[in-house]
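Me: I should like to go through the terms used to describe this model and the grounds for each of them. Please set each value against its criterion.

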Amino acid sequence: MENFEYKKLVHCEQDYNNWFVVNWCLGNTCNFNCSYCPEVLHDGSNSWPTLDEIKAFVDRILEQKKGKKVAFEFTGGEVTVYRHFVELCEYIKAQGAA
């Protein structure tokens with residue numbers, strides 16, 4: 001078996017090469033108890049960050065990735081139970097990200 005050294009990930013669709021995607025696990029609080037989901041993703045042991053902490057992180061990412069399209073995708077427990085989720089999404093959109 002050959003050893004390969006990967007230096008760059010290039011998407012087969014050239015339009016996507018200008019995107020930077022942030023996959024962020026915000027917390028692990030969930031109002032469900034799905035059988036397929038491990039307990040660590042819904043036991044509430046990791047509290048949600050504050051909205052100010054999240055905004056500061058979003059701002060840092062956008063500053064570092066100027067010239068790229070930035071998309072945020074959130075995972076966790078159930079992110080829609082985060083009390084500032086709608087405000088967070090509105091902030092991200094207002095900053096020009098997705």
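Reply: Asn28 is a suitable place to begin: its relative accessibility is 1%, and it counts as buried. The model is a predicted one.

Me: What makes Asn28 count as buried?

Reply: Buried means under 20% relative accessible area. Asn28 has 1%, so the term applies. Asn28 is placed in the loop between E1 and helix H1 (51-64).

Me: Which polar atom lies 2.7 Å from the side chain of Asn28, and why is this called a polar contact?

Reply: The backbone oxygen of Val40 lies 2.7 Å from a polar atom of the Asn28 side chain. The limit for a pair of N or O atoms is 3.5 Å, so this distance falls within it. The side chain of Asn28 also makes a polar contact with the side chain of Asp43, at 2.8 Å.

Me: Why is the pair of Phe72 and Phe74 called stacked?

Reply: The structure holds five aromatic pairs. In the pair of Phe72 and Phe74, the ring centres are 6.3 Å apart and the planes stand at 10°. Centres must lie within 6.5 Å, and planes under 30 degrees apart count as stacked; the pair therefore meets both conditions.

Me: How do you know that Phe72 and Phe74 are buried?

Reply: The limit is under 20% relative accessible area. Phe72 has 9% and Phe74 has 16%, so both residues are buried.

Me: What makes the pair of Phe74 and Phe85 edge-to-face?

Reply: The centres of Phe74 and Phe85 are 6.2 Å apart, with 80° between the planes. Angles over 60 degrees count as edge-to-face, so the term follows. This pair links distant parts of the chain: Phe74 is in strand E2 (residues 69-76) and Phe85 in helix H2 (residues 85-94), eleven residues apart. Phe85, like Phe74, is buried. Trp24, Phe57, Phe72, Phe74 and Phe85 form one aromatic cluster.

Me: Why is Val21 called partly exposed?

Reply: The relative accessible area of Val21 is 47%. Buried is under 20% and exposed is over 50%, so Val21 falls in between and is partly exposed. Val21 lies in strand E1 (residues 19-27).

Me: With which residues does Val21 form a nonpolar patch on the surface?

Reply: Val21 forms the patch with Tyr16 and Trp19, and their accessible area together is about 290 Å².

Me: Which charged end sits over the ring of Phe20?

Reply: The charged end of Lys65 sits over that ring, 4.5 Å from its centre. The distance limit for such an arrangement is 6 Å, so 4.5 Å falls within it.

Conventions. Residues numbered from 1 in each chain as written. Predicted model: local features only at pLDDT ≥ 70, side-chain atom pairs only at ≥ 80, totals over all residues. Heavy atoms only, no water. Patch = residues over 30% accessible without salt bridge, like charges linked within 9 Å, V, L, I, M, F, W, Y side chains within 5 Å. Areas by Shrake-Rupley, 256 points an atom, 1.4 Å probe, with all protein chains shown as cover. Salt bridge = Lys/Arg side-chain N within 4 Å of Asp/Glu carboxyl O. Helix = DSSP H or I, 4+ residues; strand = E, 2+ residues; numbered from the N terminus. Buried < 20%, exposed > 50% of the residue type's maximum accessible area, 1.4 Å probe, protein only. Phe/Tyr/Trp six-rings, centres within 6.5 Å; stacked < 30°, edge-to-face > 60°. Lys NZ or Arg CZ within 6 Å of the ring centre and 35° of its normal. Polar contact = N/O pair within 3.5 Å; in protein donor to acceptor, adjacent residues only side chain to side chain.
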